[in-house]
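Visitor: Please take me through the surroundings of the ligand. I would like a close look at that one part.

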Amino acid sequence: MSAASATLLKSSPIIDKFEWVKGQSLRQGSATFVQRHSTSPSALTVRASSYADELVKTAKTIASPGRGILAMDESNATCGKRLDSIGLENTEANRQAYRTLLVSAPGLGNYISGAILFEETLYQSTTEGKKMVDVLVEQNIVPGIKVDKGLVPLPGSNNESWCQGLDGLSSRTAAYYQQGARFAKWRTVVSIPNGPSALAVKEAAWGLARYAAISQDSGLVPIVEPEILLDGDHGIDRTFEVAQKVWAEVFFYLAENNVLFEGILLKPSMVTPGAECKDKATPQQVADYTLKLLHRRIPPAVPGIMFLSGGQSEVEATLNLNAMNQSPNPWHVSFSYARALQNTCLKTWGGRPENVKAAQDTLLVRAKANSLAQLGKYTGEGESEEAKKGMFVKGYVY
Ligand code: 13P
């Protein structure tokens, strides 16, 4: 194991963890109440939860001023679509070349605090033979891992979906931690045109909460992502109404599963009109609605809100984030973009080794723009036409 991974792993309280899971436990803040099966309820003992301090520290590091997350965890199928758009075959070597370009962009860690990886990348080396994870750690970027197993149809619903991946999750999260991951992502979706049905919302919320508890148990900070899809012709008020319902339910089940709020990060969709709505919203309107939603539903104990871009153009996603940071918020309000960070970069690269530097420069331009937006200081000047193009795809799967 390399020096960088070894330093990351030093704080791993593995032995404590095994003791801890033997009893029934209820977490509160950084403490754990352990009730042994053999004792009476009055014999509750309080002890520090094994990973609580580390989870809080990791979440705070990711939610640090002027920084956000690079989502580069496209599944092999989705990555294939991206590569296809620039005329490249979906081979492991091409995925490796592209991801090497991303993680080794010089100075990326000035703007990016965490990078979400697909499992292949977590165990992969760069084209120069260095572990991707080590390159990230050297850049001062926390490695994260997508742990959900994707969406499938939800029987009994209105053509909605649910997210798979809970079976065997605790062994996977333990292995990912050993490999250097310190946070996780689980993306489930809610569709407005298809309802959403009460069943789909409940299933999404429950799945996220179970995943969050399991991830924390393995030392990974869970990113809680109920994506409310942009699909539809509904207005912004309808999105707001659905988002209120979804987040109420998500926090109900997070609390029921004893998830430590200080050790999670959220990845919401911004509150916008549906992609096919004729009324477009200004960044100010998006910010007003989204902040109203967050204030009503998100406890201040949560350290960071890291938005997804969801098909907005690169510039739109940055302008909206900037509008949300014009006055102080109880949480770090930042980004966890995939398309809105990578789009111009991918096109600039085009699979050609001679374009690697230019592509890295465009990634850094976007990362810096969003870093400024996190600080409320983005002006939008000098943006390319490419960066202004929307990327909405109907029925998008990640
Ligand atoms: P987009 O920013 O492209 O929506 O992707 C973010 C993400 O990670 C979705 O899970």
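Guide: What follows is a walk around the ligand, with a short stop at one helix residue afterwards. Keep in mind that this is a predicted model.

Start with the shell. The ligand is surrounded by 13 residues. The closest are K185, K267, S309, G310 and R339. By class, the shell holds six charged residues, four nonpolar and three polar.

Now the polar contacts, one by one. K185 places a polar side-chain atom 2.4 Å from an oxygen atom of the ligand. E225 also uses its side chain: one of its polar atoms lies 2.8 Å from a ligand oxygen. G310 makes its approach through the backbone, where an N or O atom lies 2.7 Å from an oxygen atom of the ligand.

How much of the ligand is covered? Taken alone, the ligand exposes 300 Å². The protein buries 100% of that area.

Which elements build the shell? Two or more residues come from each of β9 (183-190) and β13 (332-337). K185, one of the closest residues, falls within the 183-190 range of β9.

Last, the helix residue. D288 sits in helix α11, which spans residues 283-297. Is D288 buried, partly exposed or exposed? Its relative accessible area is 43%. Buried would need under 20%, and exposed over 50%, so D288 counts as partly exposed. D288 also has a partner distant in sequence: M324 is 36 residues away along the chain, yet the two C-alpha atoms are separated by 7.6 Å.

Technical notes: Residues numbered from 1 in each chain as written. Predicted model: local features only at pLDDT ≥ 70, side-chain atom pairs only at ≥ 80, totals over all residues. Heavy atoms only, no water. Helix = DSSP H or I, 4+ residues; strand = E, 2+ residues; numbered from the N terminus. Buried < 20%, exposed > 50% of the residue type's maximum accessible area, 1.4 Å probe, protein only. Near = heavy atom within 4 Å. Polar contact = N/O pair within 3.5 Å; in protein donor to acceptor, adjacent residues only side chain to side chain. Areas by Shrake-Rupley, 256 points an atom, 1.4 Å probe, with all protein chains shown as cover. Nonpolar A, V, L, I, M, F, W, Y, C, P; charged D, E, K, R; others polar.
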